[in-house]
Amino acid sequence: MTVSTPADLTQSAQARREKSITRLIVATSVGNALEWYDITIYGYFAVYVSKAFFPNDDQTTSLLLTFGTFGLAYLARPIGGLVLGAYADRHGRKASLLISIVLMTLGTLAVAVMPTFATIGVLAPIAVLLARLVQGFSAGGEFGSSTAFLVEHRPDRRGFIASWQFASQGLSNLLASTFGVVLTGWMAPDDLNAWGWRIPFLFGVLIGPIGIYIRNHLEDATAPPAADGSPVKEILLNQKSRVLMGIGALAISTAVNYLIIYMPTYVVKNFHLPPNVGFTATFVGGIMVTLLTPFAGMISDRIGRTRHMITANILLLLSVFPMFLLITKDPTPAVIVFVVFSLSTLKALYYGPLAALMAELLPPATRATGLGLGYNIGVMLFGGMGPATMTWLGGFALIGDLAPGYYLTAVAILSLGTLLTIHATSAAPR
């Protein structure tokens with residue numbers, strides 16, 4: 001008979017613990033990945049979506065309508081953050097996570113099979129907007145519930161485990177970019193405009209059932225708090241400043257993220273380069289975000305969130321405008337890939353501690369609600385409307401191709417001020 005030693009038991013417990021971490025990360029990240037995959041392919045394939053649902057003789061107007069719909073869907077996100085976040089705080093994280101991934105899958109399916117403007121006329125863009133609103137509502141509850149779920153399972157490694165929320169976004173960018181590179185290289189332009197752009201959306205639909213199955217087999221880390229008060233009321237009355245600080249900290253990261261989503265459209269519209277240049281650049285960027293973000297989160301567990309993020313923010317602030325000056329002076333494929341690679345690297349360094357920092361700003365009883373509200377207001381203001389804002393700014397002669405540089409510089413200053421405030425007031429662990 002084999003006798004287990006204390007060392008064997010310790011190793012076995014450690015193995016089970018690590019396996020549990022992996023399951024947690026996969027279960028929560030798959031929904032976040034689906035959310036960002038859909039957002040990313042909509043942005044990446046905006047040129048084709050605009051022709052299918054928002055045709056117009058002027059390309060800029062067509063793109064503005066496409067990105068305007070993209071941005072309007074974000075109006076539903078704060079509502080989803082409040083409703084699904086409060087549901088998670090009252091009934092458990094798992095219940096909210098299951099609702100959000102089902103709604104996201106249905107919204108993705110609707111866009112994938114929607115008839116075009118040429119087939120059903122004005123009903124097409126209206127239906128696309130409605131589908132995007134459903135996705136916005138479901139995505140609104142995703143981040144708050146899943147981040148709360150993660151940090152409450154492993155409070156000793158919050159930076160690392162919560163960083164996978166954003167690392168999964170890098171993986172989504174990687175997957176969406178792969179579709180962009182393959183489809184633009186393999187398909188004839190006419191076929192891509194006619195039906196090929198639907199392929200990545202249909203692929204996204206397949207992810208949903210997998211995420212639903214995995215999430216259904218998880219348990220919450222903590223029981224829901226006693227139902228003796230409204231988390232929404234508590235947030236709005238007593239924790240507004242904490243939510244605002246979370247929004248400010250998020251601003252630059254979401255602005256950079258949506259700039260990268262805008263990149264395939266930017267290089268086609270502004271520099272008349274082939275679409276696969278932008279897709280190749282975002283593919284490289286996706287690799288950096290996927291690989292570096294967890295390491296950045298792990299480092300923040302050792303040195304503190306704000307110290308790490310302030311350094312990354314300053315690097316972004318100093319780099320953004322020179323990078324876009326470089327693009328406008330020498331808009332070659334190599335330069336565009338280099339700029340997206342550099343921005344993605346800096347974004348990953350900033351991203352790593354961000355989810356943990358936002359979670360630590362809020363107490364457990366209102367965490368999912370506060371995270372959902374703050375995250376989605378920030379994404380709506382500085383992310384979802386970013387591509388439309390940059391398209392609009394680019395129409396001014398004095399700004400032109402430098403619109404992304406001006407936009408990101410202003411947002412970086414806002415986030416830096418917020419981080420310095422958090423650090424000085426100890427509003428969250430440093």
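The largest nonpolar core in this predicted model has 94 residues. Within this core, Phe45, Phe53, Phe324, Leu343, Leu354 and Leu408 touch the most other members. Helix α12 gives the most to the core, with 19 residues. A second core stands separate and has eight residues. Ile21, Leu24, Ile25 and Leu97 are among them.

Now take Phe324. This residue sits in helix α14, which covers residues 305-329. Phe324 counts as buried because its relative accessibility is 0%, and the cut-off for buried is under 20%. Which residues does Phe324 contact, leaving aside its neighbours within four places in sequence? They are Leu259, Met263, Tyr266, Leu343, Leu402, Pro404, Gly405 and Leu408. Val335 lies eleven residues from Phe324 along the chain, and the C-alpha atoms of the two are separated by 9.9 Å.

Leu408 is the next stop. Again leave aside the neighbours within four places in sequence. Leu408 then contacts Ile252, Ala255, Val256, Leu259, Val320 and Phe324. Leu259 therefore appears in the contacts of Leu408 and also in those of Phe324, a residue that is buried at 0% relative accessibility.

Next comes a pair of helices. Two packed helices are described by the angle between their axes and the distance between the axes. Helix α12 spans residues 240-271, and helix α13 spans residues 275-303. They pack at an angle of about 155°, and their axes are 7 Å apart. Angles over 145 degrees count as roughly antiparallel, so α12 is roughly antiparallel to α13. Their crossing is right-handed. Which residues meet there? From α12 come Ile260, Met263, Pro264, Val267 and Val268. From α13 come Pro275, Gly278, Phe279 and Thr282. Seven of the residues in this contact are nonpolar, two are polar and none is charged. Met263 has a further role in the picture: it is one of the contacts of Phe324.

Ser163 offers another view. It lies in helix α8, residues 158-186. Is Ser163 buried or exposed? Ser163 is buried, because its relative accessible area is 0%. Beyond its neighbours within four places in sequence, Ser163 contacts Arg158, Thr293, Pro294, Gly297 and Gly352.

Finally, step back to the whole chain. The protein chain has 18 helices and zero strands. Of its 430 residues, 58% are buried. Consider the contacts with a separation of 6 or more. Residues 24 or more positions apart account for 86% of them.

Note on methods
Residues numbered from 1 in each chain as written. Predicted model: local features only at pLDDT ≥ 70, side-chain atom pairs only at ≥ 80, totals over all residues. Heavy atoms only, no water. Axes fitted to C-alpha atoms, helices over the stretch in contact; angles between N-to-C directions. Helix = DSSP H or I, 4+ residues; strand = E, 2+ residues; numbered from the N terminus. Parallel < 35°, antiparallel > 145°, perpendicular 65-115°, else oblique. Left-handed = near helix turned anticlockwise from the far one by under 90°. Contact = heavy atoms within 4.5 Å. Nonpolar A, V, L, I, M, F, W, Y, C, P; charged D, E, K, R; others polar. Buried < 20%, exposed > 50% of the residue type's maximum accessible area, 1.4 Å probe, protein only. Core = buried A, V, L, I, M, F, W, Y, C linked by side-chain atoms within 4.5 Å.
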